[in-house]
Structure formats: structure tokens, C-alpha cells
Amino acid sequence: MRVNVISPPAARRPLGAHRRALITGALGALGLITVLATVIPADAAASTLGAAAAQSGRYFGTAIASGKLGDSTYTTIANREFDMVTAENEMKIDATEPNRGQFNFTSGDRVYNWAVQNGKRVRGHTLAWHSQQPGWMQSLSGSSLRQAMIDHINGVMGHYKGKIYAWDVVNEAYADGNSGGRRDSNLQRTGNDWIEVAFRTARAADPAAKLCYNDYNIDNWTWAKTQGVYNMVKDFKARGVPIDCVGLQSHFNSNSPYNSNYRTTIQSFAALGVDVQITELDIQGGSATTYANVVNDCLAVPRCTGISVWGVRDSDSWLGANTTPLLFDNNGNAKAAYTAVLNALGGGSTTPPPGGGATGQIKGTASGRCVDVPNSSTTDGTAVQLWDCNGQSNQQWTQTTAGELKVYGGKCLDAGGAGNGAKIQIYSCWGGDNQKWRVNSDGTIVGVQSGLCLDAVGGGTGNGTGLQLYTCWGGSNQKWTYNAGTA
């Protein structure tokens, strides 16, 4: 995508009442403790993006930069959440063939090796493109450039033969605007058949890899650029040119916004007999609603086989962190868009199964103590705490089908904010997402609005320890058993 238009994030309405600051405290080096047995159905929904997407036979991936693989926050999120990896720049032309005939796969291999060592598949990006060409290629033209393109495809695909799930063989070959025609590039000037030659070369180089055409601003079905690419794919399929998939980059912003005909676009390409992959998704402003719409549109088309976001955290985005386009904020906290995506994929919601009504204690794994309303208070804004389990009504929580955790029948476990340190309190139930929770099979309880974990402040385990929202990190102070039916 070439147009960087910043859309401000939607303002978050403060929720709850009687805010008071909680001192987060330093989280100690708590050893991970095996989660105690919980009453959770065997078919509980997945709690990560990759696992949730896999439930429908799809993948959910991200772009990885080799230079960030030393950042533990970055790699922790990437490893936990995604099951497909695309090298952000490391497999592009300038990175892999800096001098003609001299290939360098050091950075590309670093991304590839990290992915496969962590059980992930890899998309290859990209083989033939007018941009990010090394100087030697930019100086070529005509038959010399055509042969260089062929040699490059053979060299890169030969190195990764049998290892790459899908390649973006040709990238961004169509012009913006209303022509519906090809971009004027040095590759286009070698002859109009250059894209066909690239795909035929790629098929011979690695018959096992899916071969994709990838482009931006081909998301809106009414746009001339979309129709131009559609007509090329239709022609290729009719003539037997090998093409397996179309990649919709889907960089959405105010100049190229999400449109309700996006599903029509996906359906129309799929009807030609190719897969559709959403390859570089980001949404300036990070609208949770738009993210959910994109996922639902993909899920509605069987041949939409996967989605990749273009970066892990906002701070990793090529658009700049201030555009807030991704699913995790600069600090690695899951945003509302993350929860919307996970829910759309069918993940997150676990105990109890549809119908709700299960009642029981919520017990901390580290402390062995229960989530408790002090002095059996019914006052809105009362902060909950850890306390010795006693089976009284102020420790009995009922999960509704909407995901609320109710006490006394009409008060809900409520997050008094959406950031780290937000107070956990009781408040009259009103249906807000700050009162909805995902009780996950890994022992975490995650706020639907925030994507953050229910956390015992400072790793505390004693009576009176407060509870807060905090970035999920796997500590035992964020692990709980919801013992439905326990008195």
C-alpha cells in the first residue's frame, strides 16, 4: 500500500465507577504451576488466533522481521498467536540477490528457521516486483531483465524448494486509478507476458508451492484495479497458466476503506477456481468492528484459506505506531480488535457451554484463594479481592451465555478500565464488554473488551490481595480454576 492516511482510533468510553489507581507492583519471577483440573468442556474454543482459525481449516499469520527476533515481547506474542509467517522484507529481491547471480539467504533463513522451529508454516514474499529491486536489476531492461527475473525466481525457489506453503510470485503489477491496466514498470516493459512467464517459471521451480498474485487496492469489487486483476486471473485459468491463489493485501485506510462488497470480491475470485488469502491486513485506527467484518467475510467463503496481519504490534507496523493499525499495542497488550477477531474466528468463549447457568468459585492457582467481594458488599464499585475460600454467596460466580460472571444474581465482575492496572470490581450488570470474560482452557480469564488477563496484583497470594487487568504473560497469578458447582 502506498497511501498512508491516519485514522484516529475510536474513543473508548470510560466504564464502571469510582475509579481508584491500583499499584501494579513488580511481577516476581513466579514459576509456572500446572493448572488445576477445571470444569471445562473437551471441545472448549481455542484461545489464540492461530488455533481459532485452524478450527475452520484456515491459518492466521503475521509478518516477521528478522531484526526483531531478539525482542522477547515480540517473539512471545508471535509464537503464541500465529501459525503462518511471512518474511516482511527478508525474501524480497534486494535481500536475496544483492548482486546478480550471488544469492544471500541469511536473513530469509533466519525468519524461516524461527518459524519452522516453532511449528509454523511460511509464505514466501515476493519473487517478481517493480519495487525493492537491487541497483543491478534496476539498470537492466528488455531480454536481459527478463532473464534476470527468471534466474531470480529459480534461484530463490530452488533454495526453499518444498519448504514454502505459498509464494507471492508477482506483486503489485496493476496500476492504481481507473484504467484497470498494468503498472508501467521495467518488468512490464519487457513484454505483456512477463507475469505469465513468472508463474510458469515458478511452477517448474517448485511444483509443491501454491502460486499467488498479490496486490493492494483490489479489495473493493467496483474498482477498476480489482476488475483488471480479476480479468487476468480469469484469463490465466482459461488458458492453463498456473495460478493457485490471489492475495488481497487489505491495507484499509480512509482513502481505501473497507467496503461491504469485500465479501463479493473474495467470492468472485474464489469462483474462478483459486484460493484467496488476505496477506497484509492492517486497518488504520484499528477498528474492532472492521477487523471482525474482514474475518467474517473470509469465513463466509470456503476458498478464503487464511489471513495474515502485517506486523505484530502497532510499533512494528510499516505505517507507524501512531496509526494504531494492528491487534496489539506498542507494549504488546491485546487490543479490542484482537478480541473481536478471536471471537469472530470462534475462539475465546469456553465455560460453560451454551445455556450458561453454571455457578462456582473462581480460585487462584498461585494462591489457592477465591475471588471474593469484601464483606459481602453489594455496592457498585466495590473492588474484589483474594480471600480464603468459604463457599459463601460473595464467592459464588455464575457465568451467563453472554460471558458475564455474576454474583448475587444481578452484579457483574466489571473491569473499571481497559489498560494495565484497571480495577476489577462489582457493578450492576448492563451488558458492556467490560463485564464479559473468556474463561479459557489454559486457566486464564481474559476481558473481552481489553484482551488483558485477570491478574492478582503484584503476584500476591495473601488475603486481601487486589485484582486487576494486566497483560497476559503466563504467570501463575493469572491462572484460575472456575469450579462450577462447588459450594
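Visitor: What makes C472 count as partly exposed?
Guide: C472 has a relative accessibility of 24%. Buried means under 20% relative accessible area, exposed means over 50%, and partly exposed is what falls in between (with a 1.4 Å probe and protein chains only). C472, at 24%, therefore counts as partly exposed.

Visitor: What should I know about this model before we go on?
Guide: This is a predicted model, in which local features need pLDDT of at least 70 and side-chain atom pairs count only at pLDDT 80 or more, while totals for chains, interfaces and linings use all residues. Residues are numbered from 1 along each chain as its sequence is written, and side-chain values use heavy atoms, with hydrogens and water left out.

Visitor: Why is the link between C453 and C472 called a disulfide?
Guide: A disulfide is a pair of cysteine sulfur atoms within 2.5 Å. In C453 and C472 the sulfur atoms are 2.1 Å apart, so the pair fits that rule. The torsion about their S-S bond is about 105 degrees, so this disulfide is right-handed.

Visitor: What does the pair of C453 and C472 tie together?
Guide: C453 lies in strand β19 (residues 453–456) and C472 in the loop between β20 (467–470) and β21 (480–484), so the disulfide ties together parts that are 19 residues apart in sequence. Strands and helices here are DSSP runs (E of at least two residues for a strand, H or I of at least four for a helix), numbered from the N terminus. C453 has 0% relative accessibility, so C453 counts as buried.

Visitor: How many disulfides does the rule give?
Guide: The count comes to five. Counting bonded cysteines along the chain, the pattern is 1-2, 3-4, 5-6, 7-8, 9-10.

Visitor: How do you know that C212 and C245 form a disulfide?
Guide: Their sulfur atoms are 1.8 Å apart, and therefore the pair meets the definition. With -75 degrees about the S-S bond, this link is left-handed. The disulfide connects distant parts of the chain, since C212 is in strand β5 (residues 210–215) and C245 in strand β6, 33 residues apart. C212 is buried because its relative accessible area is 0%, and C245 is also buried, at 0%.

Visitor: Which way does the link of C298 and C304 turn, left-handed or right-handed?
Guide: The link of C298 and C304 is left-handed, with -105 degrees about the S-S bond. The sulfur atoms are 2.1 Å apart, and both cysteines are buried.

Visitor: Why is the contact of D316 and K68 called a salt bridge?
Guide: A salt bridge needs a side-chain nitrogen of Lys or Arg within 4 Å of a carboxyl oxygen of Asp or Glu. The closest N and O atoms of D316 and K68 are 3.1 Å apart, so the name applies. D316 lies in the loop between β9 (304–309) and α11 (336–344) and K68 in the loop between β1 (59–64) and α2 (72–81), so they tie together parts that are 248 residues apart in sequence. D316 is buried at 6%, whereas K68 is partly exposed at 25%.

Visitor: How many salt bridges does the structure hold?
Guide: The structure holds 20 salt bridges. One of them joins D244 and R203, with N and O 3.0 Å apart. D244 is in the loop between α8 (224–239) and β6 (245–248) and R203 in helix α7 (residues 194–205), so this pair ties together parts 41 residues apart in sequence.

Visitor: What makes D244 buried and R203 partly exposed?
Guide: D244 has a relative accessible area of 19%, so D244 is buried. R203 has 24%, so R203 counts as partly exposed.

Visitor: How do you know that D380 and K411 form a salt bridge?
Guide: Their closest N and O atoms are 2.8 Å apart, and so the pair satisfies the definition. D380 sits in the loop between β11 (370–372) and β12 (385–387), and K411 in strand β15 (residues 411–415), 31 residues apart. D380 is partly exposed at 23%, while K411 is buried at 16%.

Visitor: Which residues are joined into one network by salt bridges that share partners?
Guide: K68, D71, R313 and D316 are joined in this way.

Visitor: Why is Q284 called buried?
Guide: Q284 has 6% relative accessibility, so Q284 counts as buried. Q284 is found in the loop between β8 (275–283) and α10 (288–299). Its C-alpha atom is separated by 8.0 Å from that of L326, 42 residues apart along the chain.
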